[in-house]
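Reader: Please take a close look at one pairing of strands, and then set it in the context of its chain and of the partner chain. A connected account would be preferable to a list.

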Amino acid sequence: MRKLLFESLIRPPLTERPPAASDTAVDELARALDGAAHKRLGRSLSIRAVDAGSCNGCELEMNALSNAFYDIERFGIRFVASPRHADVLLVTGPVTKNMREALKRTYDATPNPKWVVALGDCARNGGCFAGSYAVLRGVSEALPVDLHIPGCPPPPIEILKGLLALLEGVNSKSGPRS
Amino acid sequence: MPALIDFILAGQRVEKHAPWPRAVATPRTWSFAIEQLVEGHWSLLGLWGEPITVHMALLDENAKDIGVVSLECRDGRYPSVGRLHAPALRLERAAADLFGLLPQGAPDTRPWLDHGHWGVSYPLATRVRTSAPTASPYPFLPTEGESLHQIPVGPVHAGIIEPGHFRFTASGETVVRLEERLGYTHKGIEGLMAGSDIDRAGKLAGRISGDSTVAYSLAFARAVEAALGIQVPSRAVWLRALMAELERLANHLGDIGAICNDAAFAIMHAHCGALRERVLRASDAAFGHRLVRDLIVPGGVASELGEEGARAVRSVIAEIRQRFPHLIELYDNTASLQDRTVGTGRLNVQLARQYAAGGYVGRASGRDFDARRSPGYSPYDELNFEIAVLKEGDVNARVWIRIREVEQSLSLIEQILERLPGGPIRVDLAAADGPREGMALVEGFRGDILAWLRIGKGGLVERCHLRDPSWFQWPLLEAAIEGNIVADFPLCNKSFNCSYSGHDL
């Protein structure tokens, strides 16, 4: 272990330069967020991930955000264990009918101000699962959605861009949420 | 005891079912098959429904034979397999929810996938009934005794993981009983597949379990090719194996790190996570998608491996070869970590055998089975690899099986890159005439995935069933956790790493 730790001291870090926030996402958010949120959040964002019936692909890429290459915590973004600690619900999956109630309860347990980010193509409108007896057509059928990050699954860098856009959106003063 | 193949041949054989035979059973031969399962001569590979038929896939491990028996369910009933052979229980409950087929004499008739929210009952039956959403409380199995308390966990878990409910009954710190309740991620994939063209059904198959997208696409493609009698070009066969081994490698690396992380040993997680990320990037460079999704299609593969991609794969293999041994050493020599993994979550050999547990769960508990070797499929018959088997059945053994499989996958990838044949990578699908059925058994990183389908009129998928290895692993987790402390559950659970989405479909 000592050798591994020592090597970590002399080797260059794996962590890569941060990406620019996604432009389209910034535009989308500018409409959704207000300046008051900035004062409350500062530069940190606590995220509660909720799998509402995804195939687990989005979860894999979300987990990858914590590896040394992306190191998401350097941006002040943290995944938290309880919705009570969360600013953002990051929801994946088309929202199965079996998960709708649990998703709503998680949303209700999240204190204001809060945002909902729908992650992945099936979270937008049900994707390839739309039309099944067992699913809704995306997160917006269950909750108000503030931002959507596309992809199947979105690569970590795209998730990061979207979340940075959320942070910037929160930090730039824009009109109140309509 | 007859060999499975003789038993099947004695029945009324179904035409155009490949590569293994299917026969229509009588109630008497159905019961005989159940007896063979109970006595351990055969193993259950799967059990699934159709509107008036129930099918059961069987494996004869000694004779290395596979066969399917089908029983027509007059008035929607059939003799329960789960009554005598417990591994079939949840499969029967699922078939009851989807098709309304009732297993007679089954000890557990609670719904499984149907939580009362769909607005319909028996959605895949010929006559679907609309039903008002009724979320009646689910009766968990009773536990009685002094000072027992229950801990409900989920479906929303405290981490970035899939949803499911765990009901623990504990005496102090010790788990007396764990009962799982799954079905939260049920998307109705089999319903969506029915009537789809092969393209769309293939896309759905690749989205059954995100971490096994390659294995699922491969199982689906092989079943379609078996049904239609298509010969895939050899370059495609080898590229498929390359994709499958990259997927196995990435998942095992992730799992090894995550198991150690659940024992609060973060440095393994950090290093394994970096290696996993490199594998995903190499997959992206080689095939254009980090998880290699939608790239195995019936008839071949949809992406060619270029020189640059091959170089990326070679370089990641070299990197892992250099770094991984240090991590194994670290795992093996850290007493505090071993203290958590050795002897924890023990699954005994008999249960693994009874449930025909696939993958590292089975192989860590003495079950020497790997679909790449038996029934086997190309190109693995031309490649050198070993299958590690241990008998301890604890978390530590499941980690070691993964470590050995990482090493084997590295070697397999090197062999594949060295001997990759040239030529085309895809052939067109022949138009299907009338009903044709095909099946496949493919080794994903988690275990063997069974695919069965019937292609009907106009080349559309009439019925497709995909059975995740987790169906036979989830119940074993309930057994493995018994007598362990609650705090060790995440560790046990991660060492099984069963799929929720793959199971719930």
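Author: The pairing may be entered at A:S46, whose bridge partner in strand 2 of chain A is A:R78. The model is a predicted one. A:S46 and A:R78 belong to a parallel pairing of strand 1 (residues 45–51) and strand 2 of chain A, which extends over three bridges.

This pairing is part of an open sheet of five strands in chain A, with parallel pairing and the strand order 2-1-3-4-5. At the edges stand strand 2 (77–79) and strand 5 (147–149) of chain A; each has a single partner strand, so one side of each lacks a neighbour in the sheet. On average, and with direction ignored, neighbouring strands of this sheet are turned by 30 degrees against each other.

The sheet should be read against the chain as a whole. Chain A contains seven helices and five strands, and along the sequence these follow the pattern α-α-α-β-α-β-β-α-β-α-β-α. Of the contacts in chain A between residues at least 6 apart in sequence, 84% join residues at least 24 apart. Of its 178 residues, 51% count as buried. Helix 4 (residues 57–64) of chain A is mostly covered, with seven of its eight residues buried. Those buried residues are A:G57, A:C58, A:E59, A:L60, A:E61, A:M62 and A:A64.

Chain A also touches chain B: 39 residues of chain A are in contact with 42 residues of chain B. On the side of chain B that touches chain A, at least two residues are supplied by each of helix 4 (189–193), helix 5 (198–205), helix 8 (266–287) and helix 9 (307–333) of chain B. Helix 8 of chain B gives the largest share of that side, five residues. Divided by class, the side of chain B that touches chain A comprises 18 nonpolar, 16 polar and eight charged residues.

Within chain B, strand pairing takes the antiparallel form in the two cases that follow. Strand 16 (residues 436–443) and strand 17 of chain B run antiparallel and are joined by eight bridges. One of the pairs is B:V442 with B:I449, the latter lying in strand 17 of chain B. These two strands form a hairpin with four residues between them, and B:G447 in its turn has a positive phi of about 145 degrees. Strand 17 of chain B also pairs with strand 18 (residues 461–467) of chain B, in the antiparallel sense and over six bridges. There B:W452 stands opposite B:H465 of strand 18 of chain B. Strands 17 and 18 of chain B likewise form a hairpin, with five residues between them, and B:G458 in that turn has a positive phi of about 70 degrees.

Strand 17 (residues 448–455) of chain B is mostly covered, as eight of its eight residues are buried. B:D448, B:L450, B:W452 and B:R454 point one way from this strand, whereas B:I449, B:A451, B:L453 and B:I455 point the other way; all are buried.

Burial is also marked in a helix of chain B. In helix 3 (residues 89–99) of chain B, eleven of the eleven residues are buried, so this helix is largely enclosed by the rest of the structure. Among its buried residues are the charged side chains' positions B:R90, B:E92, B:R93 and B:D97. The cover over helix 3 of chain B includes strand 4 (43–50), strand 5 (53–60), strand 8 (102–104) and helix 15 of chain B. Just after helix 3 of chain B, B:G100 takes a positive phi of about 75 degrees.

Helix 15 (residues 470–481) of chain B in turn meets helix 16 (residues 489–496) of chain B: their axes come within 10 Å and cross at roughly 150 degrees. Because angles over 145 degrees count as roughly antiparallel, helix 15 of chain B is roughly antiparallel to helix 16 of chain B. The crossing of these two helices is right-handed. Helix 15 of chain B contributes B:Q473, B:L477, B:A480 and B:I481 to the contact, and helix 16 of chain B contributes B:F489, B:C492, B:N493 and B:F496. By class, the residues of this contact are six nonpolar, two polar and no charged.

Key: Residues are numbered from 1 along each chain as its sequence is written. Chains are lettered from A and ligands numbered from 1 in the order in which they are written. This is a predicted model: local features need pLDDT of at least 70, side-chain atom pairs count only at pLDDT 80 or more; totals for chains, interfaces and linings use all residues. Axes are lines fitted to C-alpha atoms, for helices over the stretch in contact, and angles run from 0 to 180 degrees between N-to-C directions. Angles under 35 degrees count as roughly parallel, over 145 as roughly antiparallel, 65 to 115 as roughly perpendicular and the rest as oblique. A crossing is left-handed if the near helix is turned anticlockwise from the far one by less than a right angle, and right-handed if clockwise. Two residues are in contact if their C-beta atoms, placed from the backbone, lie within 7 Å. A residue is buried if 20 or more other C-beta atoms lie within 10 Å of its own, exposed if 12 or fewer, and partly exposed in between; C-beta atoms are placed from the backbone. Two strands pair if DSSP finds at least two bridges between them.
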